[in-house]
Every structure is written in C-alpha cells, then in structure tokens.
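Please look over the sequence and the structure below. Then read the short report that goes with them.

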Amino acid sequence: MLKVLYLVHDLADPAVRRRVLMLREGGAEVTLAGFRRGENRLAEVHGLTPIELGRTADAKFAQRIGAVVKAMSGLKGLLKTVDKPDVIIGRNLEALAVADRANAMFGGDVPVVYECLDIHRLLSRNDMVGKIMRGTEARFGRNTQLIMTSSPAFIEHHFAPRSGIKAETLLIENKVISIDQTVQPTIARPLKQPGQPWKIGWFGALRCRKSLTMLAEFSRLMEGRVEIVLRGRPAYSEFEDFDGFVASEPYLRFEGPYKNPEDLRAIYDDVHFSWAIDFFEEGLNSSWLLPNRLYEGCLYGTVPIALEGTQTARFLREKSIGLALPDASPAALRTLFETMTGERYHALSDAVAATDQKTWLADRSDCEALVASLSRLVPAAVERGDSSASAPKTVSPEGWTTMQPDASSSVSSLIIIPCLNEEKHIEPLLAKLSREIDHMNAKIVVADGGSKDATREIVARISMSDPRIVLLDNPRRLQSAATNLAVATFGRDYDYLIRIDAHGDYPDDYCRRLVEEAVATQADSVVVSMETVGFGMFQKATAFAQNSKLGNGGSKHREGAKGHWTNHGHHALMRIAAFEAVGGYDETFSHNEDAELDYRLKKAGFGIWMTDKTRMVYYPRSSVATLFRQYLGYGRGRAKNILKHGNMPNVRQMLPLLVVPVFIGAFLAVVNWAAVIPFSLWAVACVGYGFWMAIGQRNPYGPLAAVSAMVMHFAWSAGFWMELLSFRGRKVAS
C-alpha cells in the first residue's frame, strides 16, 4: 500500500477532504498534516485524525510565513509518529515549503508532489516581489517530481512560462467524486411556475466581494424575479460584514455550509443556474481557474454562468453549454434574464444534461488511477521489493492529462473521419481533434464520400491553415471503403488508426486515452462503449431504449463495463499492421462491417480490448422511418456475417429474429385465434418493459422507448430474413 504524507495549507478546506477521499479510495494510506485556518466539521474525514502544524489566518500573509517557519523548525517533533512515506504531497506554496523540509528529514529521497489549485497574485507580479516569490517557489520545489493542477490555463500562464519548478505536470480537474453511489446525478430540474423567481446558486468558497455586490445589485434590479442562494464557507476576511450585508438584501440569502459530495444533489436541485464566476484576484487566478462549482452544478443539470475571456467560458464554449456574460455588470445580467423563457431554459439545461457524465464525475477507477500515478514516482522502492510501496500500474486516470511527452506522442496515429454531408458537425469536430493532436504524433484524414453541402469546402479551408488535416475523396461512399482508402494512402507511416464518426461526440482526450490503452494492454484493437443521447422526443425515447436491455439485449459495448478482453465492440482504434494483415474492412458490407472484421481479427489471433477509460456519445435517428432503415441494414449485415463465416448469432440476437415470423404468423389468426398469441406476447412484453423502466428509472420516455425498441426489433428481423432469402435466391439462380 502506498504511504502518502499529505501536507496542506488549510485543514478546514473541503477540497482537502475530497483529495484525501480520492487517495484513500485509490488504495493509499494517508497521513494528513497541515495548518488550521478555521473550524469546519464538514471537512473532517471519518477515521482520520490530522496532525496540526499550526494556526494561520486568511489575508494575513506575514502571520502565515511565521507559522510556516515555526512548523519547519519543529517538524521533527510534529511528525515524530509518522513512518517514512513513499510520497509527500504539498498543497499550495506554504505546504510545499514544509514538504521540502519533510523530505530532507526523511533522508532526501522521498518523491515530492506539488499540488497547486490556485496561483497566488504575488506569484504573478512582474516586479521584484513577484521575482522573489517565484524564486521561493522554485527553491522549495527543487525536489518536486510532479505538479498536480486543475486547469490548463495554470500551466499555460504560470508553470510553463514563469515557474522555476521543472517537473512533469498533470491536469486533475475538480470533478465530483462518486464513491459507493454517494453521488446520484439527476437531470430533473426545478420547474419555474408562473410568478416564481429564477434561482441562481453561488456555492463553495465564497471569497469574492465583487460577485456578492454584483449579484445583490442585480437581484434588486430584477425586483424579485431572480433570487440568489448562497451556500458554503464565506471568507470573512474578504468582506466588511458578510452576514450583515446578506441580511439586508431582500432577494439574497445565505443557507450555510454543505458537505461535498453528500449534499450536492439537494442544494443544486433547488436552483436553476450556477454562478461559475470568481473575481478574486481578477484577471489572473480568477480568469485561469475551472472552479469546483462548475463541475458540481453541471453534474446536476444547472446552467452555469461564466464571464467571457475566462478559462471557464472557453471550457463551456467547447462543450456548447452554459451562458457567458459579455462584461461583469448587473446590467449585463439583467439583459440576459430579461429574455429568459421557460423554453430557452429547458433547452440550456437539456444541453448540460446531455453532456457525457464523466466530464463532471470521477469514480473509484479514477481514484485508483491517481494512486497508480503517484506510485510510479517511487521506482526504487518497487525494484527492491519494498512492500510499503505500490508497484506502478499502467493506468490512464480519468480527469487528468499528461502534459509531458507520453504514450500518445511516442507512437503515431492516423485519425480517420468518414463523412458525407456533415457541414453542421465537421468544423467543431476538427477543432476538438486538432487541440488533442497538439499532444500527439498524428494526422487527421477526412474521407469524404461526395458531400453536396459545404463539408468539403470547410475541410479544405481548415486544411490550408493546418497541414495535419487532409481531405481525401472516397468515391465508394461507404465508411468501410473510407477507412481502407485512408490506410492504403497514409497508413505506412503510422502505428495506429483511430476511427471517428463525424456525427458522434467524444471526450476531449478520447484519442489519447485510446492510444494509452493500446500501449498499456498491447491490444491490437481497442473498442469503446457507446452512450446514446437524444434531444427531440422520439430521439430521447430511442436513446433510452438503446441504452437499455430492451434495445441492446445487454450488449457490453452499449451498456459499458470494466476493461476486459472481448470479441466485439464499437470500433475506435486498431493497430494498422493487424488491420492490414486481415485485409481491412470488407467493402461489400454497408452495415455490420465492424463485427465482420472483429471475427477475422480474433480468428487470426489478434486481441481486442474493451476499454472503460473513455467512451463515445452517439445520437440516434430522430424519426421512425430513418430508425427502421438503419436497423434494416443492421439485420442484413448480421445475416451476411453468418452467411460468410457460418458463425451463429447468440441468444440475445436470436430472439429479435423471431419478430417477423411471429408477425407473419399472426395473420393466421383468421384460421385460429391462437396464432396471434406469440406476436401479442412480444408486443405486451415490450410495452410492459417500457412502463417498468419509466417507473423504476423515473423516466417518462419509457413507454415511447418501447415503441422505438419494437421498430428496431422488427426492422432488424426483417433485414436479416430479407438478406437470407435473397442470398438463397441468388444461390438458386446461379
């Protein structure tokens, strides 16, 4: 078990509690020591008694320096009961100074990690004070092997250009921790009835005087049409009279602290919008951070409000969610809310709810990955067989990105996007992928099947400014042909191919995660699970069906599962040598070509790994007709697979095959009424399952999802039998 000494600047900080929970759930033994700035019982961790290094106070920098010096001088006595740790983590600059002293005390060979989630304004100054502070940071960080931070802007504006610490940098976002189902996300939003006010929640560390003043003035301007709800820990040193100010405001109220993550659902379900703006150290730290409340609020469907020009606003723009104020004024807020309608709000909230939940949530696997990342810093202990140190695991942790060269840049990848008439989606997709390949050795090939809209013009324009993106004509139009052509044209220079659907959505680090998994597992193919998301009524119902056993029959790549070796999954990455060894995709298949190729890969002895480190979002067909045609093709493709390879379908696929036969048999009811029973049982079972899902999962789309599932079952069965009978006809004719 990895032994971690966690030194912190404020034992009462709820974020400290979250990090301790992550480390413990990841399998580490944590000793917590730090300074105490105040009392906060909600920040305590059950079963852990921290070592107090001294008392400090907000906004009293000189006093804090004195406390740090005193703690460093008496550290041997303070830590006398602590065994030598495997890793020391120092949270913020003052704790880093103590971590440096602790490392020396334990022999000077303990890896030090610098956790920095805020850049103090003194570190950003351009005068002599700033140089001294940055020199101090470099001095105490001279033995640092890893920097953990929560926003890419911190790396861009401080650690890369200005900090004197030279260490590997990891981005760990402030996601909500979900352990043992303590977090239960919901997309149900409080309905605003006529005459009721909109509610904006400002939760967390309440330290921004400008936000408080601005929200109070705005709420008065709206004359009760908007209310402001505050929860968390006020930094009383930043306000003249926080409690008195709040008490005097008619539309603003403070409802005390809360426990994170246990209380998040209750507090966010009570508001419509979340205030994701912080003017504390305006223009510097406040512009660079990605606050906790951003992840907390979005997880529960509230609409975040950010300020243009900040990292938070850029993050929301990339996700196509939230609201951004053009300037920091009550008037700008009033303009925003004067035009706010129920319909617009629900569209905004639905967009947040449709975002991949892993964007906001870190689970136990992420905790384990964090500890694995720390474990690899202690190779000497592992090599000598020291049981006190955990062996490094090759794991790609959710929520962080290695900013130094890693697996993604040590191998080369060919990212292939087959597309046809995708002018609405291709530009944002390329923008997302181009940011990702900044950290990869990769080329993007858009294989266009003859688009009649502006797709080709958009790709050509982008490729002129970015030579890593190329446009390739795909005269055969099929996706299978597009991938084969791209590999034949460019594949000799690359290790892996990554297949991207132009109409899907992907996490920001999707391609890197795939490469990391391929390198870690040595898999020849890495496949992913799919989360289906809908927007309109029928599309939402279809998504609900496809995400359930009613629509997917328990398919692992539809439902998701822990990482494992498999026979088939949604195609994501393949080793080009393996792809070429089996001859690539069979271009006679318009559907099910991935399953057909997987069969040949497995037969040839290649390994297929289903990853749980990333997934894609799929948008289903939005009408009965298009859904029917899609599944008709799937059925035909599955029949072609059987006819080509003789591999029989499994039980979950055999059951839908009976739908068309029992439907045809139902017409025999004119002879005997019992003939309609099988078809009726199928229909009743589908509808009943839909109602059961609606009740059990509190989703109103359950009954309509049953209709979508019946369309899929019938079309798949019809396509299968059509292909089977047409093949038989071709055999007879020949």
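The report moves from the whole chain to its cores, salt bridges and selected sites.

## The chain as a whole

This is a predicted model. The chain holds 32 helices and 23 strands. It has 734 residues, and 56% of them count as buried. The chain exposes about 31,000 Å². Carbon and sulfur atoms supply 55% of that area.

How do contacts spread along the sequence? Take the contacts between residues at least 6 apart in sequence. Of these, 76% join residues at least 24 apart.

## Two nonpolar cores

The largest nonpolar core has 39 residues. Seven members touch the most other members: Leu7, Leu53, Leu79, Ile88, Val98, Ala102 and Tyr114. Helix H4, residues 92-105, gives this core its largest share, seven residues. Ala102 touches Leu5, Leu7, Leu75, Leu79 and Ile88, leaving aside residues up to four places away in sequence.

A second core is separate and has 36 residues. Among them are Val446, Val515, Ala518 and Trp609.

## How H4 meets H6

H4 also packs against helix H6, residues 128-140. The angle is about 35 degrees, and the axes are 9 Å apart. The crossing of the two helices is left-handed. On the H4 side, Leu93, Leu96, Ala97 and Asp100 make the contact. On the H6 side, Met133, Glu137, Arg139 and Phe140 do so.

An α-helix has 3.6 residues a turn, so residues three or four places apart point the same way. Use that idea when you look at the contact residues of H4, which are Leu93, Leu96, Ala97 and Asp100.

## Salt bridges across the sequence

The count of salt bridges comes to 44. One of them joins the side chains of Lys199 and Asp270, at 3.5 Å from N to O. Lys199 lies in strand S9 (198-206), while Asp270 lies in the loop between helix H10 (264-268) and strand S12 (273-275), so the pair ties together parts 71 residues apart in sequence. Are these partners buried or exposed? Lys199 has a relative accessible area of 18%, so it counts as buried, the cut-off being under 20%. Asp270 is partly exposed, at 30%. Both residues belong to one network of salt bridges with shared partners, along with Glu227, Arg231, Arg253 and Glu255.

Arg512 and Glu436 form another salt bridge, and their closest N and O atoms are 3.4 Å apart. Arg512 sits in helix H22 (residues 510-521) and Glu436 in helix H19 (residues 426-436). The two are 76 residues apart, and the pair links distant parts of the chain. Arg512 is buried at 8% relative accessibility. Glu436 is buried too, at 1%. A further salt bridge joins Glu593 and Arg499, with closest N and O atoms 3.0 Å apart. Glu593 is in helix H27 (residues 593-603) and Arg499 is in strand S19 (residues 496-499), so this pair ties together parts 94 residues apart in sequence. Glu593 is buried at 6%, and Arg499 is buried at 13%.

## Ile500 and its neighbours

Where is Ile500 placed? Ile500 is in the loop between S19 and H22. Ile500 counts as buried, at 1% relative accessibility. What does Ile500 touch? Beyond residues up to four places away in sequence, its contacts are Ile415, Ile416, Ile417, Pro418, Leu429, Leu433, Tyr506, Tyr510 and Cys511. Take Ile415 as an example: Ile500 and Ile415 are 85 residues apart in sequence, but 7.1 Å apart in space, C-alpha to C-alpha.

## Helix H13 and its cover

Which residues of helix H13 (residues 311-319) are buried? They are Gln311, Thr312, Ala313, Phe315, Leu316 and Lys319. Several elements help to cover these buried residues. They include helices H7 (152-159), H11 (285-288) and H12 (292-299). Strands S13 (303-307) and S14 (323-325) are also part of the cover. Just after H13 comes Ser320, with a positive phi of about 60 degrees.

Terms used
Residues numbered from 1 in each chain as written. Predicted model: local features only at pLDDT ≥ 70, side-chain atom pairs only at ≥ 80, totals over all residues. Heavy atoms only, no water. Helix = DSSP H or I, 4+ residues; strand = E, 2+ residues; numbered from the N terminus. Buried < 20%, exposed > 50% of the residue type's maximum accessible area, 1.4 Å probe, protein only. Contact = heavy atoms within 4.5 Å. Areas by Shrake-Rupley, 256 points an atom, 1.4 Å probe, with all protein chains shown as cover. Core = buried A, V, L, I, M, F, W, Y, C linked by side-chain atoms within 4.5 Å. Salt bridge = Lys/Arg side-chain N within 4 Å of Asp/Glu carboxyl O. Axes fitted to C-alpha atoms, helices over the stretch in contact; angles between N-to-C directions. Left-handed = near helix turned anticlockwise from the far one by under 90°.
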